[in-house]
Amino acid sequence: MSQAGTVLELIQARRRDDALELVRSAARDAGLAAAVKLLAEVQQAVGDLWQQNELTVADEHAATAVVDLALAAACLEAERRPHAPGGTVVVACAEEEWHVMPARMFAEQLTAAGWDVVFLGASTPAEHLQRFVAAEPPAAVAVSCTVPLYLHGARRAIAASHAVGVPVLAGGAAFGTAPNRAAAIGADAWASTLDGAVATLSRWVSNRPPLAAPLVDDAPALAAGAERPMIVERAMSALASRYPPLADYTSGQLARTREDLDYILRFAEASLLTGDDSIITSFASWLKSVLAARGLPDGILPLGIGVLQECLPEGLNQVDRLLTAMKTATAAEQ
């Protein structure tokens, strides 16, 4: 069993102190980066098990609470490098982004690397971020976003920071594995590793970059978002006539069905926002696996996508195109 597997097994057995000691030992022996890598692997395993319907949301939250505590314990074991010159870095999650752990892991590693860091936590409203940054401008703002649904919030955070003249470094799974999505929403740089982030921040200390502008117009995504509530309600009514088992759904099941339809459209909006179709096609694969693990029939996802397409008002041709791409990606996995 891997070390991450052992930590997760200890967490699930409610042997919290043993899990903490294993992570602290990793930090003592190999440094904070090794402990963070270990905890990130644990978090990934927890997410995978939830996706496979082997953990409940309560199980996931309980595990994450121990991971959070283990990160704090590992930080107490870590040596801090000499103070890095150049001011403060503010680290914040995009609006609505409640996956705080990746941002906190980054903030703690940046602190251990000698930087002054202010960590604002999850879902920081852009207006409040702007006021905070304006009061005492930092060298940079680092915006974290894990789920592409919340890239709208990341774009607002970037604009808020730029409004007071502060450059933004973007990071997190929502930005994918290349700088394109970050550049699309106006970030000044993107980093996928701590070393890459430190290199960028160090350059900015001595030579602050000209602030970037978004490369993709957000008007189509915003227009689609304005129509989304109406589209989802129409789709729920249409789905009831196409899928008879819906009549026996509980209120909770109906709420989750409505949420899934809403998510499909929001991922389409994220694709529009970044000019990146892979956002919605990757979501297709993920959602298909989630629904299958919960016992829904294979045809339910293409049916839902088709119903959404039928309910689109005129003028949302790009959304229709993205839903077709999603349906095609789903069919390709059959």
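Reader: Is L110 buried or exposed, and at what relative accessibility?

Author: First, a note: this is a predicted model, where local features need pLDDT of at least 70, side-chain atom pairs count only at pLDDT 80 or more, and totals for chains, interfaces and linings use all residues. Residues are numbered from 1 along each chain as its sequence is written, and side-chain values use heavy atoms, leaving out hydrogens and water. Buried means under 20% relative accessible area, exposed over 50% and partly exposed in between (1.4 Å probe, protein chains only). L110 has 0% relative accessibility, so L110 is buried, at 0%.

Reader: Which residues does L110 touch, not counting those up to four places away in sequence?

Author: Contact here means heavy atoms within 4.5 Å. With those up to four places away in sequence left out, L110 touches V89, W115, V117, L194, V198 and L201.

Reader: Why is there no bond between the sulfur of C93 and the closest cysteine sulfur?

Author: A disulfide is a pair of cysteine sulfur atoms within 2.5 Å, and by this rule the count is zero. The closest cysteine sulfur to that of C93 sits in C145, and no bond is possible because they are too far apart, at 8.4 Å.

Reader: With which side chain does the side chain of E95 make a polar contact?

Author: A polar contact pairs N or O atoms within 3.5 Å; within protein, one must be able to donate a hydrogen and the other to accept it, and residues adjacent in sequence count only if both atoms are side-chain atoms. At 2.6 Å, the partner of the E95 side chain is the side chain of R156.
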